[in-house]
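Work through the following exercises with the sequence and the model side by side. Each task is followed by a solution in steps.

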Amino acid sequence: PYTTLFRSERVRLTFKVFSQELWIGTAAATERLPFGAIRQMFSEPIKGHEEYSIIAFQLGQTEASRYYVYWVPSQYVRAVRNLIK
């Protein structure tokens, strides 16, 4: 359902707490995802650069529906997880 999500681009994550949305913005477009559309979130530190993590947002039922965000500062992972619960 979220066809405008771009891969291999620099993105900005904006959390709109009052409207319960995650905005994923690139230079070309912004995708607005309701927190409820995110079924699960996975994270893993990047080996050799543990101060950064990979975050995956599960948007559908299969692994193909995961949206990966790389090079997220590891100190933010817990806060992101708490926001989208």
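**Exercise 1. Backbone at Gln20**

Task: State where Gln20 is placed, what is notable about its phi, and whether the residue is buried, partly exposed or exposed.

Solution. Start with the location: in this predicted model, Gln20 sits in the loop that links strand 1 (12-16) to strand 2 (21-25). Next, take the backbone angle: phi of Gln20 is near 55 degrees, which is positive in a residue other than glycine. Last, turn to accessibility. The relative accessible area of Gln20 is 41%. Buried would require under 20% and exposed over 50%, so a value in between is classed as partly exposed. Gln20 is therefore partly exposed.

**Exercise 2. A second positive phi**

Task: Apply the steps of Exercise 1 to Trp71: which element holds this residue, what is its phi, and how accessible is it?

Solution. Trp71 belongs to strand 6, which covers residues 66-73. Its phi is positive, about 65 degrees, although Trp71 is not a glycine. With a relative accessible area of 48%, Trp71 is partly exposed. Confidence should be considered as well: among the elements of the protein, strand 6 has the lowest mean pLDDT, 90, while strand 4 (residues 40-46) has the highest, 94.

**Exercise 3. The sheet that contains strand 3**

Task: Give the strand order of the sheet that contains strand 3, name its edge strands, and describe how strand 2 meets strand 3.

Solution. Begin with the order. Three strands make an open sheet, arranged 1-2-3 with antiparallel pairing. Strand 1 and strand 3 are the edge strands, since each pairs on one side only. On average, neighbouring strands of this sheet are turned by 20 degrees against each other, direction ignored.

Then look at the pair itself. Strand 2 and strand 3 run antiparallel and are joined by five bridges. Four residues lie between these two strands, and the pair forms a hairpin. Two of the partners can be located: Glu21 is bridged to Pro34 of strand 3, and Ile24 has Glu31 of strand 3 as its bridge partner.

Finally, sort the residues of strand 3 (residues 30-34) by face. In a regular strand, side chains alternate between the two faces of the sheet. For strand 3, Glu31 and Leu33 make up the covered face, and Thr30, Arg32 and Pro34 the uncovered one.

**Exercise 4. The other sheet**

Task: Which strands form the sheet with the order 4-5-6 at its edges, and how many bridges join strand 4 to strand 5?

Solution. The sheet is open, has three strands in the order 4-5-6, and pairs them antiparallel. Its edge strands are strand 4 and strand 6, each of which pairs on one side only. From one strand to the next, the twist averages 20 degrees. Strand 4 and strand 5 (residues 49-58) run antiparallel and are joined by seven bridges. As one position to check, Ile46 stands opposite His49 in strand 5.

**Exercise 5. Glu9 and Ala28**

Task: Locate Glu9, classify its accessibility, and give the C-alpha separation of Glu9 and Ala28.

Solution. Glu9 is in the segment before strand 1. Its relative accessible area is 36%, so Glu9 is partly exposed. Along the chain, Glu9 and Ala28 are 19 residues apart, and their C-alpha atoms are separated by 9.8 Å.

**Exercise 6. The whole chain**

Task: List the order of the elements, then assess the overall dimensions and the confidence of the model.

Solution. The protein has one helix and six strands. From the N terminus on, they follow the order β-β-β-β-β-β-α. The radius of gyration is 12 Å, close to the 12 Å that the globule rule gives for 85 residues, so the protein is as compact as a globular protein of that length. Along the principal axes, its C-alpha atoms fill a box of roughly 35 × 25 × 25 Å.

For the surface, about 6000 Å² is exposed, and carbon and sulfur atoms supply 51% of it. Of the 85 residues, 32% count as buried. For the contacts, take those between residues at least 6 apart in sequence: 28% of them join residues at least 24 apart.

The last step is confidence. The mean pLDDT of the protein is 87, and 92% of its residues reach 70 or more. Where pLDDT is low, the predicted coordinates should not be read in detail.

Conventions: Residues numbered from 1 in each chain as written. Predicted model: local features only at pLDDT ≥ 70, side-chain atom pairs only at ≥ 80, totals over all residues. Heavy atoms only, no water. Buried < 20%, exposed > 50% of the residue type's maximum accessible area, 1.4 Å probe, protein only. Pairing = 2+ DSSP bridges. pLDDT = per-residue confidence, 0-100. Axes fitted to C-alpha atoms, helices over the stretch in contact; angles between N-to-C directions. Rg over C-alpha atoms; globule rule 2.2 N^0.38 Å. Contact = heavy atoms within 4.5 Å. Areas by Shrake-Rupley, 256 points an atom, 1.4 Å probe, with all protein chains shown as cover.
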